[in-house]
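Me: I'm new to reading structures, and I'd like to know how each label gets earned. Let's go through this one together.

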Amino acid sequence: MADLEDAFQGNLCRCTGYRPILEGFKTFTVEGGCCGGKGRDNGCCMANGNAAQLNEEEDEHEATSLFNAEDFAPFDPTQEVIFPPELMTLSRGQRSSSLCFRGSRSTWFQPGSLQELLNLKWEHPEARVVVGNTEVGIEVKFKNMVYPVILAPAFLPEMSHVTHTEDGIEFGAACTLSHMGAVLRAALESLPPHQTEVFLAVLEQLRWFAGLQIRNVAAVGGNIMTASPISDLNPVFMAAGCKLTLVDKDGSREVQMDDSFFTGYRKTILRPQEILLSILIPYSKKNQFVSAFKQSPRREDDISVVTAAMSVVFSSGTDIVEELKLSYGGMAATTKLAMKTGNKLLGRPWGEELLQEACSSLAEEMTLDPSAPGGMVTYRRTLTLSLFYKFYLTVLQKLRDQGVKGEELQSEYLSASEIFHPETPCSAQIYQAVPEGRSLEDVVGRPMMHLSALQQATGEALYCDDVPLYENELYLAFITSTKAHANIISIDSCAAEEMPGVVCCVFASDIPGSNATGPIHYDETVLADQQVTCVGHIIGAVVAETQLEAQRAAKAVKVQYEELKPIITIQEAIANQSFYQPFRTIQNGDLEAGFKQADHILEGEMHIGGQEHFYLETNVTLAVPREDGEMELFVSTQAPTKTQSLVAKALGVSANRVVVRVKRMGGGFGGKESRTTLLSTVVAVAANKLRRPVRCMLDRDEDMLITGGRHPFYGKYKVGFLNSGKVVALDVSYYSNVGHSMDLSLSVMERALFHMENSYSLTNVRGRGFLCKTNLPSNTAFRGFGGPQGMMVTENWITDVAQSLGKPSDEVRRLNLYMEGQSTPYNQILGQFTLDRCWDECMLRSEYQQRRAAIELYNKQNRWTKRGLAIVPTKFGISFTALFLNQAGALVHIYTDGSVLLTHGGTEMGQGLHTKMVQVASRVLGIPPSKIHVSETSTNTVPNTSPTAASASSDLNGAAVQNACQILSDRLEPYKSPKGSWEDWVRAAYFNRVNLSANGFYKTPDLGYDFETNSGRAFNYFTYGVACSEVEIDCLTGAHKNLSTTIVMDVGHSLNPAIDIGQVEGAFMQGVGLFTLEELHYSPQGVLLTRGPGSYKIPGFGDIPTKLTVSLLRDAPNDKAIFASKAVGEPPLFLAASVFYAIKEAVSAARVESELRGAFRLDSPASAERIRNACSDRFTQLCPPAEPGSFTPWSVQV
């Protein structure tokens, strides 16, 4: 499993929550599964043991297996695809031959000898030396760098050798990091421990250096010569005093990596004609101790915030410092040695006095400009002290182990020096088994595999960009604004139009129909005309023969601006009264009387950051012009009908001339509900202008820049409550950062207000919502659609109430929880209420009380690591808040061979909608699912469809499919003879001229809410859930571990437990990203600084809870939806707030150590920076933040 987990580092998934991927691959490992194969089927024997806490009668009706491993074909290594033998022989023992490839902008040399390399470097001193291309490739792709000459010496033996010397191990500069790691690990086996301190430090950094794929190609020399100020390895090499051999045509020289090696940002002392030949990593001395540290937002495959290496040498048999080197990355434009501090501490004993002196000195020496690139200045400065303290404790422990007398080491400090080793996760999935005796052909309620699972796992599933190229097809690239708010003075596209492969440019004047667009209000432009209102605003496009030609030409278009003052943040919008209308209010009860009744009144505020959708398939459109003004579009969209209508509007044709086809999406999450039309309309205009097929798939950085994401929210609240913790009054205001157009923001705010009480009964309440108009790309739908932001503020004030009263938060939550028959602030009565059952089961399955006691004990015994536990409920309303969208259609054909073609209005984005629809049709028609096929979603089969959104697609489309299939079943009734087969019945009906095609339709009854009168049913029903999470934080770095999560979810009678549990886990992990990890950084000028996986971090495999239990509530039928099921797509996301509030509880425990008690502000996400800064202690006090307003920050909280 360790090998598997290493291989997964750097691999990202946005849909599954990772657990099923790990569990599937686990079957290939020697362990054969969790607990060394002792578990039942796919579950963990320990986790499944939780079920025993419920009575035996319930156990009989529960299932814990989503698959049967015995069904798998046995693994046969002889049948595996082998690495091509010819390539293996080419790479074995053969000296490289000279090669040269010449391109239009660059020449690539592979020299055949070291001398040839040196000669080439002498001739081309500006040439880049490349081995793995992990840095230069990124510079060329994303930073528009052009390198006319590239030298590739990877196969030169002098550059890739490993030599063991008297002083250490010498590695050729072209040695890969993986190979270097293997050699160092082997050295640990053969050398005495005192000689391997440096090797251990290097290996510790390599554990978290990128992913295995990168380490397999990236070279140690490249890592040094890139001279990155946040390099993971350079601080170790510097602290260890590694020696480097530099060569050129005239000879060689040896230099030591010290504070003079890096001369400036990305610069070294190497002369232009020199190359780095090798590095000598020395053995450590007998009295030397070396440690390395890396702190990054995400532990796996992430760039450092601060990285450090520290080496101390003691006088023999004493704790007197003889030599001390403290090397840091992330604290200057170069890797930096803290020379003053190191020199100041020489000759001092390793104790508390030295620690205090070191911290004071480091705080003075390791300063940062408050405007420093990368931001997080206070956090970075604090880390320099915190990491030294970790080193101090580590060394103290090692001295004690060697019998050196010195400072006493208290046991509660030991956990601060522990090296992190991930545990293999284990899991349990529990759901209600179908009743005994039900026909095996009735697949509703069974864990049926996703219909596309095999194609997706093998890579055979076709996505939009997999559509084969059309003859004469062209590629489009956007020209986007670089200013947040400006008038366009001029656009010069002459240079672009003369570039190779360019066919034309497209601007607003080329639009034959209307340039006004937008999903509800036409307050946007297809292409900017005269003014831009955000960075990334689409001004025009270049159409060329290839993607590369189009993108290069787009960068050559020159736009002149007259800049206007932008509004970027919510606070700026409030200050400038920059709001969209209308404001929304929901009010119930007597607020004034409620506050008079309260024993306590508390006010607070919270900011919730935005979130990037990060669907793995970015936005893509292929437009194919047909005859008579027709246009066929292949689009990755959740809203085919909206795409159809807006494309028709831009082209100036009626909707019946435009066909939109959607096979499947590689993720959507709301990001493809309305913003896909930004791309589709422009591509259609270009295809219409040229009468040729045009394609565009956005690169990740373009997609992130242009399309917007989840709305950042700012909440202010005033809450009145009794001594018991019962809340009697709430006044809350929400402000959302909408961006430069309305998009769906009013509906998002309405849903936030509908969820402002989450799961708590409030008698006197007022909620107000304000839409902030800013100069950012328009924010849009995202799983939860404002609900998570609304509920997050709720959970914040209920936590504040508990903390201010000194009561356990679970007690205050339970006291305020809704009960059956109570009414919401929008006057909807809660029937079929199961939240109390979910709560009680979650308390039981999570062993809440036992864990609470264990955490209290742990926190008493550990000063620098703390644990927290939180249980959080959710109540999520199911329906579109826009009444007219609560409708769906279906079209079902039965062919004469008995096969069924099913089409409905929903789109497949990996969530398993098509699979569920086949299950519904299978039950109604009484045939196996193998006879039913869903090809695609298209506007020419089911018209006027609602977007696949709001978690309602199974409810709406399922009922429409049921309707169509029931019509067909009724038509076939006269032909159903007991002796005949399905095929016989179909043929008989056909020959009797019965229509074997039917339209189905459904609209949700009794809906419609009026904000003016606060009356009407806003939602058809509610989905309930409760999650309990336990975390451990490192108070010194802010890092945290998700130790365990137990989720109990009411999904009614699940249509498909495998898919529903997958949705619960996937939504939960996306919520973990939202509330603990993912941060969008914008500059004060409105430029998005986090435009890809390098800087924007979604959860990885290592972020899933070590122990994860998901239980679907049993015996909870829902009479408001298809076959008593419930919606599941969005509701579980908010349950990840349990991780956030567990973190907040752990931070509270840390603050108590510094005599800080009561409520405190912790904004979302609870990043390592925020956690560390909130754990106020002696180190944070040495690094106070700069005064706001006294500097221009690198990024702002939008």
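Me: Which residues is E673 in contact with, leaving aside its neighbours within four places in sequence?

Reply: They are Q638, A639, L744, A781, F785, P947 and A949. Contact here means heavy atoms within 4.5 Å. Before we go on, this is a predicted model: local features need pLDDT of at least 70, side-chain atom pairs count only at pLDDT 80 or more, and totals for chains, interfaces and linings use all residues. Residues are numbered from 1 along each chain as its sequence is written, and side-chain values use heavy atoms, with hydrogens and water left out.

Me: Why is E673 called buried?

Reply: Its relative accessible area is 10%. Buried means under 20%, exposed means over 50%, and partly exposed is in between (1.4 Å probe, protein chains only), so E673 earns the label buried. You'll find E673 in the loop between β30 (658-662) and α23 (677-690). The helix and strand names come from DSSP runs, numbered from the N terminus: helices are H or I with at least four residues, strands are E with at least two.

Me: What makes E673 part of a "binding site"?

Reply: That label comes from a record: UniProt (unreviewed entry) lists E673, R751, F785 and T881. UniProt positions follow the numbering used here and feature names are shortened, but annotations may be inferred rather than shown by experiment. T881 is in the loop between β35 (865-878) and β36 (887-894), and T881 touches R751, among others. At 25% relative accessible area, T881 falls in the in-between class, so the label is partly exposed.

Me: How do you know that helix α25 is mostly covered?

Reply: Ten of the ten residues of α25 (745-754) are buried. R751 is one of them. The cover over those buried residues includes β26 (579-588), β32 (713-721), α26 (787-805) and β35.

Me: UniProt has another "binding site" list, with V129 and K294 in it. Why don't those residues all gather at one spot?

Reply: They span 166 residues in sequence, and the farthest two C-alpha atoms are 27.1 Å apart, so they do not all gather at one spot. Two from this unreviewed entry are V136 and D232. V136 is in helix α7 (136-142) and is buried at 5%. D232 is in the loop between α12 (220-225) and α13 (234-239), and it is buried at 7%. D232 also touches F209 and K294, among others, which are in that UniProt list too.

Me: Why is the pair K931 and E983 called a salt bridge?

Reply: A salt bridge is a side-chain nitrogen of Lys or Arg within 4 Å of a carboxyl oxygen of Asp or Glu. For K931 and E983 the N to O distance is 2.6 Å, so the pair passes. This pair links distant parts of the chain, 52 residues apart: K931 in the loop between α30 (913-925) and β38 (932-933), E983 in helix α32 (982-991). K931 is partly exposed at 25%.

Me: What makes D1163 and R1161 a salt bridge, and is D1163 buried or exposed?

Reply: The closest N and O atoms are 2.8 Å apart, so this pair passes as well. D1163 is buried at 9%, while R1161 is partly exposed at 39%. The structure holds 58 salt bridges, and D248, R253, R271 and E274 are linked in a network of them.

Me: What makes β6 and β9 edge strands?

Reply: They belong to an open sheet of five strands, in the order β6-β7-β12-β8-β9, with antiparallel pairing. β6 (162-164) and β9 (251-256) each pair on one side only. Two strands pair if DSSP finds at least two bridges between them; β6 and β7 (168-172) have three, so they qualify.

Me: How do you know that C696 is not in a disulfide?

Reply: A disulfide is a pair of cysteine sulfur atoms within 2.5 Å. The closest cysteine sulfur to that of C696 is in C464, 11 Å away, so it is too far for a bond. A search of the whole structure finds zero disulfides.
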